[in-house]
Amino acid sequence: MSIYQWFVFFLFVQIVHFLGTWKLYEAAGRKRWEAGIPIYNAIVLMKIIGRPTWWTLLLFIPIINLIMFPVIWIETLRSFGKKSSLDTFLGIITFGLYISYVNYTQKLDYVVDRSIHPQNKTADTVSSLLFAIIVATLVHTYFVQPYTIPTSSLEKSLLVGDFLFVSKLNYGARVPTTAVALPMVHDSIPFVKTKSYLKWPQIPYLRLPGIEDIKRTDIIVFNWPVDTVHFFFEAKGRPGVIKPIDKKSNYVKRCVGVPGDNLSIKDGIVYIDGKVLQLPERAKPQFSYAVVLDGKTPIDFEYLLRDMDVTDRIGYKSNLKDTLLFRALTAKGAARLRNVPGITAVIQEITKGAEQGIFPQINEWNRDNFGPIYIPQQGKTVALTTETLPFYQRIITDYELNDTGEKNDLKVTGNEIRLNGEVVKDYTFKQNYYWMMGDNRHNSEDSRYWGFVPENHIVGKPVFIWLSWDTNGKGFNKIRWDRVFTTVSGEGQPQSYFQYFLIALAVFFVGEYFWKKRKDKKNI
């Protein structure tokens, strides 16, 4: 839905609210017209039902309002003596329209001093649960979201099994585009394996102000732009379901190119505007290496890998005699291997020639030799020809809308390009785009394969590892203790703050014990 359509819908809701509640307002000692003034009518209603004025704000926060509306319906009915289980059921099942029935057909006795405290243990439990869900949803949606690293694409910087806190504040919290969805779940309901949202209505893209801009080398969580699913209520063999932006799968990569950059990759090294991209110390790019053995000297690889702090590095033994392929090895690790007796050569694998599946599928580049390519910047204009169109076609047809809020209609006939019925020779971008890559360069599905990441797909910035779980570990060592309570970004190597947390926790409990003991002595 466009902004105009949402405005019309909002006015329609206000009219329905006025027609269905004006008698209730009068019965509560308010003026009839107060039921018809947008926003103000909600503030007055909070006073009528005995709830704080700030609850009005919750009615306008997407996802949170889905929880609040049923609460307000029930509270309104109870404020006029309708507190039976049937009244509650009818209020919810009719989406609040039962209030209109009461407004016109029932004797309206306003309960002036209605107790807002739960009347029994069940009501108290439900009330506490709703409050917890609202707070958790608010934090999850607009402040901090937990995230788990599922793949090795950022291996060494972030490990499989790292549990992160992703800040929504750094780049600005994104208002959910999906208006109707279950709180605190992503695209599907756990165990049920069915979608957790309705595709309609959709809220226009809006991002709150952030505290910093996305910078090169930042690690970013974003929605995978080309994500579709093949199991939401569809027959086998049918095309995938296109997800709303905020329900696409979450990916985490390193941003190596920002809007306006000219990016290229030469022998695996990223260049920005012709200069080598300088990575932070914590970033450890990895490539595949062929390790050639002399076939005579015994090598204890288990000890060697452990000594190098490398896990799962031997991919397979190749067809070449006495040659091993290391799937993901840093330059430092490669240098270490070159000094090991029995190893005669350590050769970095560099892909040569055209490689299928590389963006923009023009069969000229590969994962190690790519570009140059321009990363689109909002407000900038590029020439649009049949040669340049493959780079920007998905942006025009999938990521950006025309002036009426609809998807663009792009057609190519020979050398002629028509956009929404008009012949065009250039295109102006309506939002910023980014280029994301994994540090594990030969084991990462990233922008080299599917292209740009639109700004409206950005979720947040990983800031903190609160737990790291090693599935290959045993017993106490399943937890990577040196990674618990470490920061994701920063200078130097990561440092765990877990010991300081334990000390602070101990001080808190000891202090609380003596405080209670002292309080008990005063009460004697």
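In the predicted model, Ser196 is located in the loop that connects β2 (162-167) with β3 (219-223). Ser196 counts as buried because its relative accessible area is 5%, and the limit for a buried residue is under 20%. Apart from its neighbours within four places in sequence, Ser196 is in contact with Ala181, Leu182, Val185, His186, Asp187, Ser188 and Ile189. Lys247 is 51 residues away from Ser196 in sequence, and the C-alpha atoms of the two residues are 9.1 Å apart in space. The loop between β2 and β3 also holds Pro201. The peptide bond that leads from Trp200 to Pro201 is cis, with omega near 0°.

Strand β3 follows this loop. Five of the five residues of β3 are buried, so the strand is largely enclosed by the rest of the structure. In a regular strand the side chains alternate between the two faces of the sheet. In β3, Ile219, Val221 and Asn223 point one way, whereas Ile220 and Phe222 point the other way. Strand β3 is joined to strand β6 (residues 250-257) by five bridges, and these two strands run antiparallel. Within this pairing, Asn223 has Asn250 of β6 as its bridge partner. Strand β3 is also joined to strand β22 (residues 458-468), in this case by two bridges and again in the antiparallel sense. Here the bridge partner of Phe222 is Ile458 in β22.

A further part of the model is an open sheet of four strands in the order β9-β8-β7-β14, with antiparallel pairing. Its edge strands are β9 and β14 (370-374), each of which pairs on one side only. Strands of a sheet pair through backbone hydrogen bonds, either parallel or antiparallel. Strand β7 (residues 262-266) is connected by four bridges to strand β8 (residues 269-272), and Leu263 stands opposite Ile272 in β8. Strands β7 and β8 form a hairpin with two residues between them. In the turn of this hairpin, Asp267 has a positive phi of about 50°. Strand β8 is in turn joined to strand β9 (residues 275-276) by two bridges, and these strands run antiparallel. Tyr271 has Val276 in β9 as its bridge partner. The hairpin of β8 and β9 has two residues between the strands, and Asp273 takes a positive phi near 50° there. At the other edge of the sheet, strand β14 contains Pro372. The peptide bond from Gly371 to Pro372 is cis, with omega near 10°.

A second open sheet is formed by three strands in the order β16-β17-β18, and its pairing is antiparallel. The edge strands are β16 (410-413) and β18 (422-423), each pairing on one side only. Four bridges link β16 to strand β17 (residues 416-419) in the antiparallel sense. Lys411 stands opposite Arg418 in β17. Helix α10 (residues 389-399) lies across β16 and β17, and runs at about 150° to β16.

Unusual backbone geometry can be judged against a general expectation. Most residues other than glycine have a negative phi, and most peptide bonds are trans. Ile39, although not a glycine, has a positive phi of about 70°. Ile39 lies in the loop between α1 (3-27) and α2 (40-48). This residue is described as partly exposed because its relative accessible area is 43%, a value between the limits of 20% and 50%. Ile63 likewise is not a glycine and has a positive phi, in this case of about 75°. The position of Ile63 is in the loop between α3 (55-58) and α4 (64-79). Ile63 is buried, with a relative accessible area of 8%.

For the protein chain as a whole, the secondary structure comprises 12 helices and 23 strands. Along the principal axes, the C-alpha atoms fill a box of roughly 95 × 85 × 45 Å. Of the 524 residues in the chain, 43% are buried. Among the contacts with a separation of 6 or more, 66% are between residues 24 or more positions apart. The chain exposes about 29,200 Å², of which carbon and sulfur atoms supply 60%. The chain carries 63 positive and 49 negative charges, and the mean positions of these two sets are 7 Å apart.

Technical notes: Residues are numbered from 1 along each chain as its sequence is written. This is a predicted model: local features need pLDDT of at least 70, side-chain atom pairs count only at pLDDT 80 or more; totals for chains, interfaces and linings use all residues. Side-chain values use heavy atoms; hydrogens and water are left out. Buried means under 20% relative accessible area, exposed over 50%, partly exposed in between (1.4 Å probe, protein chains only). Contact means heavy atoms within 4.5 Å. Accessible areas come from the Shrake-Rupley method with a 1.4 Å probe; for residues, only the protein chains shown count as cover. Lys and Arg count as positive and Asp and Glu as negative; His and the chain ends are not counted. The place of a charge is taken as NZ of Lys, CZ of Arg, CG of Asp or CD of Glu. Two strands pair if DSSP finds at least two bridges between them. Axes are lines fitted to C-alpha atoms, for helices over the stretch in contact, and angles run from 0 to 180 degrees between N-to-C directions.
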